[in-house]
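Got the viewer open? Here's a short tour, one selection at a time.

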Amino acid sequence: MKIRCIAIDDEPIALKQVGNYIERTPYLELVSLCNNAIDALEIINKEKVDLVFADISMPDLSGIDFVKSLQKKIPVIFTTAFSEYAIEGFRVDAIDYLLKPIGYKDFLKAVNKFKELLDKKDDNQDKSHPDHIFVKSGYKLVRIEISDIKYIESMHEYIRIHLINEKPVMTLGSMKSIEELLPPLNFLRVHRSYIVNTDKIKIVERNRIVFDKEVYIPISDQYKSKFQDFINRNSIA
């Protein structure tokens, strides 16, 4: 199955070059070339898009603001003539960052980085790691979608599962027992009392994961090395 791509750039020559690179790569499929982010949003609402190539510096809506505006997260590879934008790309979880003028070798390296992530995800989506779990809370069995979990907190013999846009669910059990149910590619133990969904990490500050103004998850020395490996694999070199 091919990876469906769109490219966004207000510079016609740069846009055409990325389009040519996509068509030249056997496992990529070009869905659309867009000269502005507004048109790209319309395409995404109509078409299945797996990967976005976006210039950062564009009028009306920048590449960074475009990614932040997406209701559903779509992997992005940024392209730009300005190297100082690399840290901005990291803050929105960019797959990679390509500096113009872009050579096909660098383009292919970035795309292969994304393809490896897809392959690892496919390898881990087996019967032992479904897309949901059931937990007993009080007298009820509650279905929880794996993708809705933000982080899990140990509360002595109980665990509290913190969810996106829902109240936490408390259940009797151990961190080890729930860790075995979760896909290891997406969930990481960062502390004796915390497991986090790596897809939900936005800010890391002073050995803490900042989920919002009131939630700071500590990264303990025991798990610091493993967490740093995760950061190194997903940061822009």
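Buried here means under 20% relative accessible area, exposed means over 50%, and partly exposed is in between (1.4 Å probe, protein chains only). Colour by that and you'll find that 43% of the 237 residues in the protein chain are buried. Before going on: this is a predicted model, where local features need pLDDT of at least 70, side-chain atom pairs count only at pLDDT 80 or more, and totals for chains, interfaces and linings use all residues. Residues are numbered from 1 along each chain as its sequence is written, and side-chain values use heavy atoms, leaving out hydrogens and water.

Switch to cartoon: the protein chain shows 7 helices and 15 strands, taken as DSSP runs (helices H or I, at least four residues; strands E, at least two) numbered from the N terminus.

Now select residues 12–24, helix α1. Which of its residues are buried? A14, L15, V18, G19, Y21 and I22. Look down the axis of α1: these fall within an arc of 160 degrees (from directions between the axis and the C-beta atoms), so they line one face. Turned away from that side are the exposed P12, I13, K16, E23 and R24.

Next, show I6, I8, I44, V52, F66, V76 and F78 as sticks; they have the most contacts inside the largest nonpolar core, which has 21 residues. Such a core is a set of buried Ala, Val, Leu, Ile, Met, Phe, Trp, Tyr and Cys residues joined through side-chain atoms within 4.5 Å. Giving two or more residues each to this core are β1 (3–8), α2 (37–46), β3 (51–55), α3 (63–69) and β4 (76–80). Last stop: C5, L51, I102 and Y104, among the 19 residues of a second, separate core.

Note on methods
Expected span 1.5 Å × (residues − 1).
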